[in-house]
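This report describes the fold of one protein chain and then turns to selected strands and a single residue.

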Amino acid sequence: QVQLVESGGGLVQAGGSLRLSCVASGRTFGAYGMGWFRQAPGKERVFVSAINWSGSTTYYADSVKGRFTISRDNAKNTLYLQMNSLKPEDTAVYYCARSRSMNYRDGYYYKPDSYDNWGQGAQVTVSS
């Protein structure tokens, strides 16, 4: 069981930026795809972004495309989400998660069931 710990959340004004980090325990971080999901109050958890094991392939939800950037540093066991031009509707708890696969060959990078380890979440609040 890998442990994932998110950090970097906070309160920011609309138009501002935040960078989330997710540090993973263990030695297998570089062997798996990773993803970010978010959950707003009263809503279901939804896909934000994903990245394959090497960082060569990335995926984004339409709602964040062009504003968010996912990246990873396998030497540091760390996943990042750079969030720019934040909007009030980006307010949510953000979760990082480890995929069950390296490259999302089945194409289901957006499904929560494709991930088997989750962090505790980081609150992001964007004020208008």
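## Basis of the description

Strands are taken as DSSP runs of E with at least two residues, numbered from the N terminus. On this basis S21 belongs to strand β3, which covers residues 18-24. The model is predicted.

## Overall architecture

The protein chain contains zero helices and eleven strands. Read from the N terminus, its elements follow the order β-β-β-β-β-β-β-β-β-β-β.

The radius of gyration of the protein chain is 13 Å, in agreement with the value near 14 Å expected for a compact globule of 128 residues. Along the principal axes, the C-alpha trace extends over about 40 × 25 × 25 Å. Of the contacts between residues at least 6 apart in sequence, 59% link residues at least 24 apart.

## Surface and charge

Buried residues account for 43% of the 128 residues in the protein chain. The exposed area comes to about 6,600 Å², of which carbon and sulfur atoms contribute 47%.

The side chains of the protein chain include 14 positive and 9 negative ones, and a distance of 4 Å separates the centres of the two sets.

## Strand β5 and its partners

Strand β5 spans residues 46-51; five of its six residues are buried, so the strand is largely enclosed by the rest of the structure.

On one side of the pairing scheme is strand β4 (residues 34-39), which runs antiparallel to β5 and is joined to it by five bridges. Within this pair, R38 faces V46 of β5. Six residues lie between β4 and β5 in the hairpin that they form, and G42 in the turn adopts a positive phi of about 80°.

Strand β5 also pairs with strand β6 (residues 58-60), in the antiparallel sense and over three bridges. Here S49 stands opposite Y60 in β6. β5 and β6 likewise form a hairpin with six residues between them, and G55 in its turn has a positive phi of about 90°.

## Environment of S21

Is S21 in strand β3 buried or exposed? With a relative accessible area of 14%, S21 is buried, because residues under 20% are classed in that way.

Apart from its neighbours within four places in sequence, S21 is in contact with V5, E6, S7, W36, T78, L79 and Y80. One of these contacts, W36, falls within the residue range 34-39 of strand β4, the strand that forms a hairpin with β5.

Technical notes:
Residues are numbered from 1 along each chain as its sequence is written. This is a predicted model: local features need pLDDT of at least 70, side-chain atom pairs count only at pLDDT 80 or more; totals for chains, interfaces and linings use all residues. Side-chain values use heavy atoms; hydrogens and water are left out. Helices (H or I, at least four residues) and strands (E, at least two) are DSSP runs, numbered from the N terminus. The radius of gyration is taken over C-alpha atoms; the globule rule is 2.2 Å times the number of residues to the power 0.38. Buried means under 20% relative accessible area, exposed over 50%, partly exposed in between (1.4 Å probe, protein chains only). Contact means heavy atoms within 4.5 Å. Accessible areas come from the Shrake-Rupley method with a 1.4 Å probe; for residues, only the protein chains shown count as cover. Lys and Arg count as positive and Asp and Glu as negative; His and the chain ends are not counted. The place of a charge is taken as NZ of Lys, CZ of Arg, CG of Asp or CD of Glu. Two strands pair if DSSP finds at least two bridges between them.
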